[in-house]
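The following paragraphs lead from the overall fold to the nucleic acid and then to selected local features. The reader is invited to keep the sequence and the model in view throughout.

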Amino acid sequence: MNQPMELDLLAQLNPSQRQAVEHFTGPLLVVAGAGSGKTRALTYRLANLVLQHRVDPENILAVTFTNKAAREMRDRVERLFADYLAQKLHNQPYGSLGLDVQTKLRSRVYHTYTKPLWVGTFHSLCAKILRFDIEKYQDERGRRWQKNFSIFDESDVQSLFKQIVLKDLNLDEKKFDPKSVRYAVSNAKNQGQTPEDLLREQPNYRGRVIAEVYSAYQGKLAENNALDFDDLIWLPVQLFRQNQQILDYWHRRFCHILVDEYQDTNRTQYELVRLLVTNGQQRVQDWQNRSIFVVGDADQSIYSFRLADFTILLEFQDQFGDRLPDDDTRTMVKLEENYRSTENILQVANHLIENNTERIDKVLRATRGAGEAIFCYKAADEVDEAQFVAEKIVTLVQQNPDLDWGSFAVLYRTNAQSRALEEALLGRIPYLIVGGLKFYDRKEIKDTLAYLRVLLNPADTVSLLRIINVPKRGIGKTTIESLLAASQELGIPLWEIISDEAAAATLAGRAAKSIHQLVKLLQKWQGEVETTSALDILEGILEESGYRADLQNQGTDEAQDRLENLEELFNAVSQFQETNEDISLAGFLANASLASELDNLQEGQQAVSLMTLHAAKGLEFPVVFLVGLEQGLLPHARSINDIRALEEERRLCYVGITRAREQLFLSHATQRRLWGDREPAIASQFLAELPPELITSNIKRQSKPLKQNATASQDWQIGDLIMHNAFGVGEVTHIFGSGQKISLAIHFPQMGKKIIDPKIAQLRKVDR
DNA sequence: TCCAAGGTCCTTTTT
DNA sequence: GGACCTTGGA
């Protein structure tokens, strides 16, 4: 048969990569350090399955954690297939073909290879499975869903919890904060627990209440024919457990499963993968024509707050593999050569991560030269820090013809840090904020999508309530309350009430006419859902609901912004229709609920990237700025007193450092605005963990951030910065008493003012 | 029913 | 410094 795979895919690989790429059937764990060619191993191996081993693309499932990663994998695989076909059909590289030939080839690649391939996030793939099979599922209380279900976002979910906790169950807000209850329920789903499981595990009062809320919440979701993000994964798992026939089907369908960022899987996601691979058995009996291929790096596990559990990766050998020691195993391969960063950057990264206790030993070997020293900038405050970043970028671009704006990334711990940076860059340097304020979270977009969701799923009362009086049509609170009361009383969705003309007329009184008009509008477009394109429906709704006219009448700058965002929504719909060959409203809505960002619409554009460390995972840049290296920020205040959380912060820092190819800049400020107030800040403990000989700085000597204990009264002065074990960093504002009998009033940014006896509390003086 | 003013809490990170 | 909620007046 054809040999070009041999030539193209395997030639430039090192032996470990080659082993990964050539892997055909059976289990394989690829431990892939940062910059070790992980994506390459994944995509080449996928292409190799199809081209070399003749696996039907339909039988392959490739799972990622972010849409960005999914998109990239799809693009890169597509490119490989295109290269292959170009060579086979035209005997020349894809790049040297004429434009029209390229287009033709791409279309062929799409239809033969990438369209039948399932590549996506856990959430999008599960949503797809549910659109086939959700109607065969019922939960432990017999609740059912239909395949036109809505996917509720975090704010929809929050308001449901508020309603249940504060109104329906009338619980004490102090004891059962809706947010913490919501968190507990989410955790349960991510650990694969039903309300009953939760009750069994926590038979105390709190457990009982949370289980009750959990169950009530699922009831509410079912009433709305809606699911939350966690359900998208948790439901298929339960469905597969209760219905072997359905599992059989998907097990047979997905013979080859690839999982990227395996260290980020949680127990429920793992269970999903396990069910698909084993068909529900203890072990896989027959690996013929079947494989599980996972790629991950425990040092880059940064999602434990979402219940990601990197021990799942550590257990792979035990669950699927041959259980042999590392030297003999045939089911694990380590990629340890780093092709991305200079040696200096790598050493700094290695040095830092060695401070973690919870990890598997893995060496990152440099393949490149030493490179430049790492520079650490000590800034006066966040404005000065941002100024430094901006000026450095300008200088580097002027000095270095290889660099353009797109070569730079500025990484930070929290989204709030982006503002100061934006202000420094604005007007001087083009920049792009990745993530952050999400397009689909904007009010006008959410309103519009709520209209569309109601068309598709009239039972979605949450969305219906969102738009029932938007734009204002005189349907006030009292009217809505009485309609809702009737809906509760009769146990039917709000939509059924308002679309019953007689019922609406009696209940709504003065507002009856408005309701009737709204119902007529929605009914008209409900009739079009199957036959009309998403784009036309969107246009019709915005026009006929008066939503657009309302914004136009306002005439404010803000309204203008909103109108422009709606324009963007049109672009998003038409882009979706083009790339997915799917013009249905259902298709677009499913996609929109799961899309987290409308960024890299224009990939590779010339702009500095601003993003959180979490968003940066998987990316690389020639020059990286890692800002805000301060106690309380990185490591974050909430993680500072818990060793495991602290280690995750360290991994986060490690992820940031390893994004850099050529140059790395670190920075911290001695003062920072927090919630509008100026607060003192001290350098991150992580800075002290870096090898000083590799770091240069704008201050003479890298001072150790923590000084020895000091307890005698003469050691304290107003204005001193101290570190308290529980409260973090604070500033001394008063000293009471004298000699050995003193107390200190200390202001902590997060906690406010505390009176503390320095002989009792563990206090350390720290440098400014 | 609507709107403006003032108060409260807040922020980790994301599908 | 800002999103979100409650409140009181028109």
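Helices and strands are here DSSP runs, of at least four residues for a helix and at least two for a strand, numbered from the N terminus. On that basis, chain A of this predicted model contains 31 helices and 25 strands. Its radius of gyration is 28 Å, close to the 27 Å that the globule rule gives for 768 residues, so chain A is as compact as a globular protein of that length. Along the principal axes, the C-alpha trace of chain A spans about 80 × 80 × 55 Å.

Burial and contacts add to this picture. Of the 768 residues in chain A, 54% are buried. Among contacts with a separation of 6 or more, 74% join residues that are 24 or more positions apart. Chain A exposes about 34,700 Å², and 48% of this area is supplied by carbon and sulfur atoms.

The nucleic acid may be considered next, beginning with DNA strand B. There are 24 residues around this strand, of which K179, R306, R413, T478 and R638 come nearest. Sugar and phosphate make up 63% of the atoms of DNA strand B that come within 4 Å of the protein. The largest share of the surface near DNA strand B is three residues, contributed by helix α21 (residues 477-490).

Several side chains make polar contacts with particular parts of DNA strand B. An N or O atom in the side chain of T612 is 3.1 Å from a phosphate oxygen. For H614, the partner is a base oxygen, at 3.3 Å from an N or O atom of the side chain. In the case of H636, a side-chain N or O atom is 3.4 Å from a sugar or linking oxygen.

DNA strand C is surrounded by K162, R419 and W675. Of its atoms within 4 Å of the protein, 38% belong to sugar or phosphate, and the rest belong to bases.

T612 merits a second look. This residue lies in strand β14 (residues 608-612). Its relative accessibility is 10%, and residues under 20% are classed as buried when only protein chains are counted, so T612 is buried. Apart from neighbours within four places in sequence, T612 is in contact with Y412, R413, T414 and N415. One of these contacts, R413, is also among the residues that come nearest to DNA strand B.

Helix α13 offers a check on helical geometry. At 1.5 Å a residue, the twelve residues of α13 (residues 267-278) should span 16 Å, and the end C-alpha atoms are indeed 16 Å apart. Eleven of the twelve residues are buried, leaving α13 mostly covered; among them are Y270, L272 and V273. At the start of α13, a side-chain oxygen of N266 reaches to within 3.0 Å of the backbone nitrogen of T268. Just after the helix, N279 takes a positive phi of about 60°.

A loop residue completes the tour. L364 is placed in the loop between α16 (343-353) and β10 (365-366). Why does L364 count as buried? Its relative accessibility is 6%, and the buried class covers values under 20%, so L364 falls within it. Leaving out residues up to four places away in sequence, L364 touches G33, A34, E336, N338, L346, N350 and Y654. By contrast, the C-alpha atoms of L364 and T395, 31 residues apart along the chain, are separated by 31 Å.

Notes: Residues are numbered from 1 along each chain as its sequence is written. Chains are lettered from A and ligands numbered from 1 in the order in which they are written. This is a predicted model: local features need pLDDT of at least 70, side-chain atom pairs count only at pLDDT 80 or more; totals for chains, interfaces and linings use all residues. Side-chain values use heavy atoms; hydrogens and water are left out. The expected span of a helix is 1.5 Å times one less than its number of residues. Buried means under 20% relative accessible area, exposed over 50%, partly exposed in between (1.4 Å probe, protein chains only). A polar contact is a pair of N or O atoms within 3.5 Å; within protein, one must be able to donate a hydrogen and the other to accept it, and residues adjacent in sequence count only if both atoms are side-chain atoms. The radius of gyration is taken over C-alpha atoms; the globule rule is 2.2 Å times the number of residues to the power 0.38. Contact means heavy atoms within 4.5 Å. Accessible areas come from the Shrake-Rupley method with a 1.4 Å probe; for residues, only the protein chains shown count as cover. A residue is near a molecule or strand if one of its heavy atoms lies within 4 Å of it.
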